Amino acid sequence: MWNQIEQALEQSMQRVFEKIATLLPGLLAALVAVLIFLALAWAAAWLTRTVLTAVGFDARLTRGAVAIAEWTPAYTPTLLVTRIVFWVFVVTGLLVGVSAFDAASSEPVVSHAMFAFVPRLIGAAILLLVGNVLARFLSRSVLIAAVNMNLDYARLLSLGVKWLVLVLTGAMVLDHLGLGQQIVDMAFGILFGGIVLALSLAVGLGSRDLVSRSLEREAAKPVELPTQEKLRHF
Amino acid sequence: MAEAEVLEETGSGAGQQAAVDLLIGVTGAVSLDELRIRVSEVLAQAGRPGPGRVVVAWPGGEDATPVEPRDGFELIPYRVPPVNDGGAWAQISAAQRGVLALAAELKAAACLVLAADLEALHGEAVQTMAGAVLGRQCDLALPVYALTRYEGLLNTAILAPMSRALYARRVEFPLPFEFAASARYVECVAHSHGANAQGVLWPLSHAVQEPMPRNAGVCQVHLRAHHHAPMEGLDLTAVLSQIVGALFTEVELTASSWQRLRGSQPATVWGEPHAPVMPEEPVDAREMVESFQLAARNLGELWSLVLPPVALLELKRLARQPVESFRMPDALWARMVYDFALAHRLRTMGRSHLMGALTPLYLGWVASYVQEIALLPAAEVAERQERLARAFEENKPYLVSRWRWPDRFNP
């Protein structure tokens, strides 16, 4: 009995070691591929930064109509391009690594599944990034504009815009990934439609008196030069 | 020399003719007939500046040609460099650069740049401004406009004190419609390149940086002219973006120059002061204070990206003050302007957002200022402006420190 247990253990350990021995070259190949592409990414990023700095890329872009800096103010256009180049190399390295791993193993399952999902994943990541940047930009724009227009509910307005964009982005990302498609569509439709309907009702019913009073007040107000117009700023 | 010959030569090789004593350049569309009549009158009043040629330049299109010389002066078109963006003042600056480029090409002894409304095209202005340069008293003559205490507030709040602190010359209007320049100043501006040759032209910054000599003279002339700003009708944030944004850009471009300058030198003022044209009406600051208070409640998060905690604390305290006693300390204002200049350079947030966040702070300063000066006599208003300018000067080390070590320096 004891011999049988020993034999079973030996066999299972042998199988595990054999599996490891089979996978190890693939793992090492993947690691080497990632390291090589990492080095290439650094070199390419350095080269890109040097070339763009030499040709005055930031200054040229600032002069033109493209205002990348308005959307991602913390990064200069050169830094953005440099980072994009870097990450393209890193992602390529990962894919090559996975492919090398699969080539070394007997069944190429991992790379098949991964290559099929990667384009969607990249698309979703870009959507998420753009949505976040857009939400931040629009919420700040609305907040500043509303404050400068002396609207008391400026913060509320800004938050509303931010969450509308974020909800829209979230729904688009899930849809793009193909996760819970029908639920997401329905939930988003109900949520977005509900918000718009609620706003319409609030303005149409709740603020009817307010709007009419405001119009009456404006009509009855004597014509007087606003303070700002008595001042000449420039 | 026959008139036809002069015309031909100005078209091809203008530099080979007799020297140009004075070039008067108009920085916008103007009726040539009116221009000719006005210049004839001016030369009759003020006299010719010398034995050489007098050239009047106007912004002609691609197909514009020089007009036959008459009444003792020539009319020559100049090319306005293309402007991508930057608003109305960028257009004016492009025209000013065009005038200076023509003056450099003709090797004019003096160049007088005038606004398109021709408000300053009169004998007294031409005589004093061009005279200051031709008499070798200075390389750059800037105007002193006669404004009421409620006019030119952006100039009083930011442009004049910041220019003085950075470029070390006590100039009242650093962004003028008109100015006169010597031949060597014209050469410097016309041959500037890269980012320095584009965007809004700040005459003073060119006068204090290389290749101009250190002893380059800057003087001022009391000018009888009242202009309507080209950006009337725009909202305040847009005006700040165009004007203050342009100043911040210039500050970034000239960082290597102004960091070396300390203190300030007075700029001699020529001529007699004129009375302001506009009537002075009392201003109620309540609306502006309320705008500031609303911003203090809502924009704290954005301000905290730009301003240090001490300033934020002071702003909170200010927001609690009643309207009547609302006063913004000069040092706080000066430091905040410097912080925004640094944020503009570092792109801490989008530049349109940055100027939007500065707008209520500026309104707070205006509210404080107009309440303070409402009952003061004119001389004390000038003293008040001097105090503000000194605050900018005294806080310049703060800007220099933050500029050099934006991450390391902890205010």
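**Exercise 1. The first annotated span of chain A**

How far apart do the end C-alpha atoms of residues 20-47 of chain A lie, and what percentage of the span is helix?

*Solution.* Before starting, keep in mind that this is a predicted model.
- Step 1: Find the span in the record. UniProt, in an unreviewed entry, places the feature "transmembrane region" at several stretches of chain A, including residues 20-47 and 156-174.
- Step 2: Look at the ends of residues 20-47. Their C-alpha atoms lie 39 Å apart, and the span is 100% helix and 0% strand.
- Step 3: Repeat this for residues 156-174 of chain A. Here the end C-alpha atoms are 27 Å apart, and the chain is again 100% helix, with 0% strand.

**Exercise 2. Two chains side by side**

Set out the secondary structure, burial and long-range contacts of chains A and B.

*Solution.*
- Step 1: Count the elements. Chain A has nine helices and zero strands, while chain B has 16 helices and 11 strands.
- Step 2: Turn to burial. In chain A, 13% of the 234 residues count as buried; in chain B, 49% of the 411 residues do.
- Step 3: Take the contacts with a separation of 6 or more. Residues 24 or more positions apart account for 63% of them in chain A and for 81% in chain B.

**Exercise 3. A residue at the end of a helix**

Is A:Ala54 buried or exposed, and how far is its C-alpha atom from that of A:Ala202?

*Solution.*
- Step 1: Place the residue. A:Ala54 lies in helix α1 of chain A, which covers residues 2-54.
- Step 2: Count its neighbours. There are 8 C-beta neighbours inside 10 Å, so A:Ala54 counts as exposed, the cut-off for exposed being 12 or fewer.
- Step 3: Measure across to A:Ala202. The two residues are 148 apart along the chain, and their C-alpha atoms are separated by 56 Å.

**Exercise 4. A helix pair in chain B**

Work out how helices α5 and α8 of chain B are arranged, and which residues join them.

*Solution.*
- Step 1: Take the axes. Those of α5 (residues 153-167) and α8 (residues 236-253) of chain B come within 11 Å and cross at roughly 10°.
- Step 2: Classify the angle. Angles under 35 degrees count as roughly parallel, so α5(B) and α8(B) are roughly parallel to each other.
- Step 3: List the residues in contact. From α5(B) come B:Leu154, B:Ile158, B:Leu159, B:Met162 and B:Leu166; from α8(B) come B:Ile243, B:Val244, B:Leu247 and B:Val251.
- Step 4: Sort them by class. The contact has nine nonpolar residues, with no polar and no charged ones.

**Exercise 5. Into the core**

Which residues have the most contacts inside the largest nonpolar core, and which helix gives the most to this core?

*Solution.*
- Step 1: The largest nonpolar core has 146 residues, and those with the most contacts inside it are B:Leu23, B:Ala108, B:Cys111, B:Leu112, B:Ala141 and B:Ala180.
- Step 2: Helix α14 of chain B (residues 351-373) gives the most, with 12 residues.
- Step 3: Another core, of nine residues, lies apart from it; among its members are A:Ala33, A:Ala45, A:Ala100 and A:Phe101.
- Step 4: Zoom in on B:Cys111. Beyond four places in sequence, its contacts include B:Leu23, B:Val99, B:Ala180 and B:Val186.
- Step 5: Move to B:Leu102, in helix α3 of chain B. Its 23 C-beta neighbours inside 10 Å make it buried, and its contacts beyond four places in sequence include B:Leu23, B:Ala57 and B:Tyr78.

**Exercise 6. Two positive phi angles**

Compare the settings of B:Lys107 and B:Ala168.

*Solution.*
- Step 1: Recall the background. Most residues other than glycine have a negative phi.
- Step 2: Read the angles. Neither residue is a glycine, yet phi is about 55° at B:Lys107 and about 60° at B:Ala168.
- Step 3: Place both. B:Lys107 sits in the loop between α3 (88-106) and β5 (110-114) of chain B, and B:Ala168 in the loop between α5 and β7 (169-170) of chain B.
- Step 4: Check burial. B:Lys107, with 15 C-beta neighbours inside 10 Å, is partly exposed, whereas B:Ala168, with 20 other C-beta atoms within 10 Å, is buried.

Terms used
Residues numbered from 1 in each chain as written. Chains lettered and ligands numbered in written order. Predicted model: local features only at pLDDT ≥ 70, side-chain atom pairs only at ≥ 80, totals over all residues. Axes fitted to C-alpha atoms, helices over the stretch in contact; angles between N-to-C directions. Helix = DSSP H or I, 4+ residues; strand = E, 2+ residues; numbered from the N terminus. Parallel < 35°, antiparallel > 145°, perpendicular 65-115°, else oblique. Contact = placed C-beta atoms within 7 Å. Nonpolar A, V, L, I, M, F, W, Y, C, P; charged D, E, K, R; others polar. Core = buried A, V, L, I, M, F, W, Y, C linked by C-beta atoms within 7 Å. UniProt positions renumbered as here; feature names shortened; annotations may be inferred.
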